[in-house]
Amino acid sequence: MVTEKGCAESNEVIRISGIKKIYRLGAQQVKALDGVDITIRRNEYVAIMGPSGSGKSTMMNILGCLDSPTEGSYILNGTDVSKMDDNRLADVRNNEIGFVFQSFNLLPKYSSLENVALPLIYAGVPKEERMKRARTALESVGLGERMEHKPSELSGGQRQRVAVARALINNPSIILADEPTGNLDTKTSVEIMNLFEQIYNNGNTVIVVTHEEDIAQHARRIIRLRDGKVESDLPNYDRIK
């Protein structure tokens with residue numbers, strides 16, 4: 001394991017350098033990412049955008065340790081994760097990254113409380129402690145009255161709030177949201193983005209991957225990808241106070 005003390009000391013939570021991702025389809029090679037460099041500091045609110053085929057989904061998978069780059073390095077919270085095997089990556093995902101997906105990814109037979117507590121089982125937290133933390137997390141997203149409800153008994157917005165509570169449960173280094181409002185109506189989308197605003201204001205690092213301009217505009221910084229490269233990386237001055 002390679003530790004980059006300079007990364008942690010400089011308040012960087014993510015530093016990716018020269019990242020390339022090449023997929024082989026038969027005799028063909030598809031370059032999904034082509035030499036990407038991005039640094040994200042703690043308590044930044046970043047949107048990653050791009051059209052279909054830009055590489056943003058591949059970038060999300062690499063940032064979330066769901067995939068490894070073909071070339072380049074990825075330093076997450078001071079540790080180089082780019083060459084880790086699947087088992088070590090699974091540990092990083094559980095401890096360092098809070099995921100929020102478009103499809104919620106809740107277990108249908110589990111209550112809200114059980115869904116939120118699930119990552120703590122993998123972390124070896126005793127039952128009493130994990131239920132206490134899960135209750136606190138659900139209360140923090142406004143679902144104190146829905147703890148025993150199963151996903152089928154919740155609205156789309158409530159399901160996404162459960163997913164957000166689950167993402168927060170391990171106090172991760174980053175919250176990584178992939179199209180978090182893709183299955184929600186406009187009113188509910190605004191409510192969920194207000195929740196991300198609250199999470200950011202509480203000191204968390206938030207990264208939203210989206211193709212929707214109005215969703216990206218909630219972030220303080222917008223990174224635009226095109227053809228596997230960073231096309232632009234600019235502050236969102238409309239949101240910076």
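Here are some questions and answers on how this predicted model is put together.

Local features in the model need pLDDT of at least 70, side-chain atom pairs count only at pLDDT 80 or more, and totals for chains, interfaces and linings use all residues. Residues are numbered from 1 along each chain as its sequence is written, and side-chain values use heavy atoms, with hydrogens and water left out.

Reader: How compact is the protein for its 241 residues?
Author: Take the radius of gyration over C-alpha atoms and set it against the globule rule, 2.2 Å times the number of residues to the power 0.38. The rule gives 18 Å and the protein has 18 Å, so it is as compact as a globular protein of that length.

Reader: Which strands sit at the edges of the open sheet ordered 2-1-4-5?
Author: Strands here are DSSP runs of E, at least two residues, and helices are runs of H or I, at least four, both numbered from the N terminus. Two strands pair if DSSP finds at least two bridges between them, and in this four-stranded sheet the pairing is antiparallel. An edge strand pairs on one side only, and that holds for strand 2 (28–41) and strand 5 (79–80).

Reader: What angle does helix 2 make with strand 1?
Author: Helix 2 (residues 56–63) packs on the sheet, touching strand 1, strand 2 and strand 4 (71–76); contact means heavy atoms within 4.5 Å. Axes are lines fitted to C-alpha atoms, for helices over the stretch in contact, and angles run from 0 to 180 degrees between N-to-C directions. On that scale the angle with strand 1 is about 125°.

Reader: How are helix 4 and helix 5 oriented to each other?
Author: Helix 4 (residues 112–122) and helix 5 (residues 127–140) have axes 9 Å apart, at an angle of about 125°. Under 35 degrees counts as roughly parallel, over 145 as roughly antiparallel, 65 to 115 as roughly perpendicular and the rest as oblique. The pair is therefore oblique.

Reader: And what about helix 6 and helix 7, with an angle of about 20°?
Author: Helix 6 (residues 156–168) and helix 7 (residues 186–201) pack with axes 10 Å apart. Their angle of about 20° makes them roughly parallel.

Reader: Which handedness does the crossing of helix 6 and helix 7 have?
Author: Look at how the near helix is turned from the far one: anticlockwise by less than a right angle is left-handed, clockwise is right-handed. Helix 6 passes helix 7 in a crossing that is right-handed.
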